[in-house]
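Here are some short exercises to work through with the model open beside you. Try each task yourself before reading its solution.

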Amino acid sequence: MAIQHFKVSKKLTYSDIISKLELPTVIVDHMNRFMKGKHFLDLKAADIWGQEWPLRYYTRPKGNREGPVFTTGWRQFVEAKRLQVGDEFIFYGNQVRVDDGEVKMVHMIEVKRPGPVTFQNEPVTLDAEYAPA
């Protein structure tokens, strides 16, 4: 059984699309416990299809602002999923117990976009892969 550990979301900006993804700072508390004193963490995040995407989570090693971002691997995800400015990015971590009884963190990634269909005058949100570009 998976227990949700954290969930963050944001609307993608032009800078997020062309460079690196600036993450909400609330994620820092959740990620720091896995970083073991480093300022980066290489992880894999599964999309809705179960495909794993290698990403590097990075925070500034010095300074007043932590500025968490995804760097390495982010652009490949953007291009493969044809992400756009305004898409809603969702990243979450679930704690799961593996076969040997150990608890580990599994990361998931989703991107939502308003679709062409509305319900009660509100756009129905679709996974970015299904929404028209």
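## Exercise 1: a patch on the surface

Tyr14 sits in helix α1, which covers residues 14-18. This is a predicted model, so please read every value below as computed from it.

**Task.** Decide whether Tyr14 is buried or exposed, and find which residues form a nonpolar patch on the surface with Tyr14.

**Solution.** Start with the accessibility. Tyr14 has a relative accessible area of 58%, and exposed means over 50%, so Tyr14 counts as exposed. Next, look at the neighbours in the patch. Tyr14 joins Ile18 and Val85 in a nonpolar surface patch, and together the three have about 330 Å² of accessible area. Finally, step back along the chain to Thr13, in the loop between β1 (3-11) and α1. With 35% relative accessibility, Thr13 is partly exposed. The C-alpha atoms of Thr13 and Tyr58 are 18 Å apart, with their positions 45 residues apart along the chain.

## Exercise 2: charged pairs

**Task.** Find how many salt bridges the whole structure has, then work out where the partners of Asp42 and Glu79 lie.

**Solution.** The search gives six salt bridges. Side chains of opposite charge can pair when their charged atoms come close. Take three of the pairs in turn:

- Asp42 pairs with Arg56, with 2.7 Å between the closest N and O atoms. Asp42 belongs to strand β3 (residues 40-46) and Arg56 to strand β4 (residues 52-58), so this bridge ties together parts 14 residues apart in sequence. Arg56 is partly exposed, at 26% relative accessibility.
- Glu79 pairs with Arg75, and here the closest N and O atoms are 2.9 Å apart. Both residues lie in helix α3, four residues apart, or about one turn of the helix. Glu79 is exposed at 52% relative accessible area, whereas Arg75 is partly exposed at 28%.
- Lys10 pairs with Asp16, at 2.8 Å between the closest N and O atoms. Both of these residues are buried.

## Exercise 3: the cavity

**Task.** Find how many cavities of 30 Å³ or more there are, and which element gives the largest share of the lining of the largest cavity.

**Solution.** First, count: there is one cavity of 30 Å³ or more. Second, take the volume, which is about 60 Å³ for the largest cavity. Third, list the lining: Asp47, Ile48, Phe77, Lys81, Leu83, Ile109, Glu110, Val111, Asp127, Ala128 and Glu129. Fourth, assign these residues to elements. Those giving two or more residues are α3 (74-81) and β7 (103-119), and β7 provides the largest share, three residues. Last, sort by class: the lining has six nonpolar and five charged residues, and no polar ones.

## Exercise 4: positive phi angles

**Task.** Look at Arg82 and Gln120: what is phi in each, and where do the two residues lie?

**Solution.** Begin with the backbone angle. Arg82 has a positive phi of about 50° although it is not a glycine. Gln120, also a residue other than glycine, has a positive phi near 55°. Then place them in the fold. Arg82 is in the loop between α3 and β6 (88-97), while Gln120 is in the loop between β7 and β8 (122-127). To finish, check accessibility: Arg82 is exposed, with a relative accessible area of 56%, and Gln120 is exposed, with 67%.

Notes
Residues are numbered from 1 along each chain as its sequence is written. This is a predicted model: local features need pLDDT of at least 70, side-chain atom pairs count only at pLDDT 80 or more; totals for chains, interfaces and linings use all residues. Side-chain values use heavy atoms; hydrogens and water are left out. On a 1 Å grid over the protein atoms alone, a cavity is a set of points where a 1.4 Å probe fits but cannot get out, and a pocket is an open set with protein on both sides within 12 Å along at least five of seven lines; lining residues have an atom within 4 Å of a point. Grid points are joined across faces, edges and corners, and a volume is the space filled by probe spheres set on the points. Ala, Val, Leu, Ile, Met, Phe, Trp, Tyr, Cys and Pro count as nonpolar, Asp, Glu, Lys and Arg as charged, and the others, Gly among them, as polar. Patches are made of residues with over 30% relative accessible area and no salt bridge: like charges are joined within 9 Å, nonpolar side chains (Val, Leu, Ile, Met, Phe, Trp, Tyr) within 5 Å. Accessible areas come from the Shrake-Rupley method with a 1.4 Å probe; for residues, only the protein chains shown count as cover. A salt bridge is a side-chain nitrogen of Lys or Arg within 4 Å of a carboxyl oxygen of Asp or Glu. Buried means under 20% relative accessible area, exposed over 50%, partly exposed in between (1.4 Å probe, protein chains only).
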